[in-house]
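Hi,

Here is the model I said I would pass on. Have a look at it first, and my notes on the ligand and the pockets follow underneath.

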Amino acid sequence: MKRVLLAALATGALALSAAFGAHAQGTVKIAMIAEFTGPFADYGTQIYNGVKTYIRMHGDTFGGKKVEFVVKDTTGASPDLAKRLAQDAVTQDKVDILAGFGLTPNALATAPVASEAKKPMVIMNAATSIITKNSPYIVRLSHTLPQDTMPMAQWALKNGIKKAFVLVSDYGPGKDAEAEFVKDFKAGGGEIVGSVRTPLQNPEFAPFIQRAKDSNPQAIFVFLPPGSQTIAFIKGYEERGLKQAGIKIIATGDLTDDGVLEAMGDPTLGIVTSFHYSYVHDSPENKAFVKAYGEVNGTKMRPNFMACAGYDGMAAIAEALKKTNGSVDPEQLMAAFKGMKLTSPRGPIMIDPETRDIVQTVYVRRVEKVNGQLVNVEFDKFPDVKDPGK
Ligand code: PHB
């Protein structure tokens, strides 16, 4: 009898160690699912650069487990591909955590995979408000558009802007930015004199910019995904004489992204934006981050907000693994994320235990030239901003 019991126990133990083989060897596998090629290639690159910067500064072993990465390229806004890559990561690569996600459509498409496979999904950029509601396994270390927009609307009203035109990209984050701006601006006595939504793929800005000019606002409020679109927008704004007509740009900091600012050039000087991260944020943590980023990734690319969120996403995973003593049990990891407080290169951040979304300081900044470089200089701040939609 005793023998039979022992044999059964031994078989059980064997089966267990086979099922958790990877963990028995002391590794935690993280899928980095993001845009590494195509028009949004900088998104995945910045996010993963940020993750690598964290590893450089803090090592690769947390709670006794070494982290390993499996990199998956969505090649752009490709929800079907993102979902398939996540499924492959879970079933073939046997990852413990899904991470990355620059673009909203890719994050939304992956949410059901996180729910079905019960894998924590760490968002390192995608910023449409609703994303965290689509799976209880999602935690966001980046930002939301309403969170970054609300301070801009307040600042504009306080600074005498009462008539605005709204131009946003026609998908989740753009619609979120538009809704928040219109709500706050009108509530504070402002008037919206017109609005347009521009396509996510290959937009032609000239007619939209002309419409904005013809409606004669004091300012255009803008959300566009940074890269070729923000460069094209600034070029059109300059060429069509909006600046000379006295029409200001106000925006979330996506428009004056540190990674693209030099490519947009001097026409950006003086633009005021609200955002959670600036490459020249003045803190010891940011100085250390920027220095290590350059050592790991070279100095051709400045770390931007996506790199910062990659760094913080990795920090959150590291802290969670320390709390669980290396366990990758999804419920334990999610419990560890909830309420977590970190000192980020951007300032203090917290994961709201109810929404699993980030609470953080949003800064008001102005583009200036400092030591020959175009940078976003912070001059005001709104502490502890939650996603206003939640
Ligand atoms: C998004 O797709 O959620 C997104 C992309 C770029 C941004 C912000 C949000 O700058």
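The ligand is surrounded by 13 residues, and the closest ones are Thr-104, Ala-127, Tyr-171, Pro-226 and Asp-254. Keep in mind that this is a predicted model, and the distances below come from it.

Three of the closest residues are worth clicking on for their polar atoms. In Thr-104, a side-chain N or O atom is 2.5 Å from an oxygen atom of the ligand. Asp-254 also brings in its side chain, with a polar atom 2.5 Å from a ligand oxygen. With Ala-127 the backbone is what counts: one of its N or O atoms there lies 2.9 Å from an oxygen atom of the ligand. On its own the ligand has 280 Å² of accessible area, and the protein covers 100% of that.

If you sort the shell around the ligand by class, you get nine nonpolar residues, three polar ones and one charged one. The space that the ligand takes up is also the largest cavity.

So much for the ligand; there is another spot to look at. The second largest pocket has a volume of about 260 Å³. Its lining is made up of 18 residues, and those nearest the centre are Tyr-237, Lys-248, Ile-249, Gly-270 and Ile-271. Strand β10 (residues 248–252) gives the largest share of that lining, with three residues. By class, the lining of this pocket splits into 10 nonpolar, five polar and three charged residues.

Shout if anything is unclear when you open it.

Cheers

Notes:
Residues numbered from 1 in each chain as written. Predicted model: local features only at pLDDT ≥ 70, side-chain atom pairs only at ≥ 80, totals over all residues. Heavy atoms only, no water. Near = heavy atom within 4 Å. Polar contact = N/O pair within 3.5 Å; in protein donor to acceptor, adjacent residues only side chain to side chain. Areas by Shrake-Rupley, 256 points an atom, 1.4 Å probe, with all protein chains shown as cover. 1 Å grid on protein atoms, 1.4 Å probe; cavity = no way out; pocket = protein on both sides within 12 Å on 5 of 7 lines; lining within 4 Å. Sits in = over half its atoms within 2 Å of the grid points. Nonpolar A, V, L, I, M, F, W, Y, C, P; charged D, E, K, R; others polar. Points joined across faces, edges and corners; volume = space filled by probe spheres on them. Helix = DSSP H or I, 4+ residues; strand = E, 2+ residues; numbered from the N terminus.
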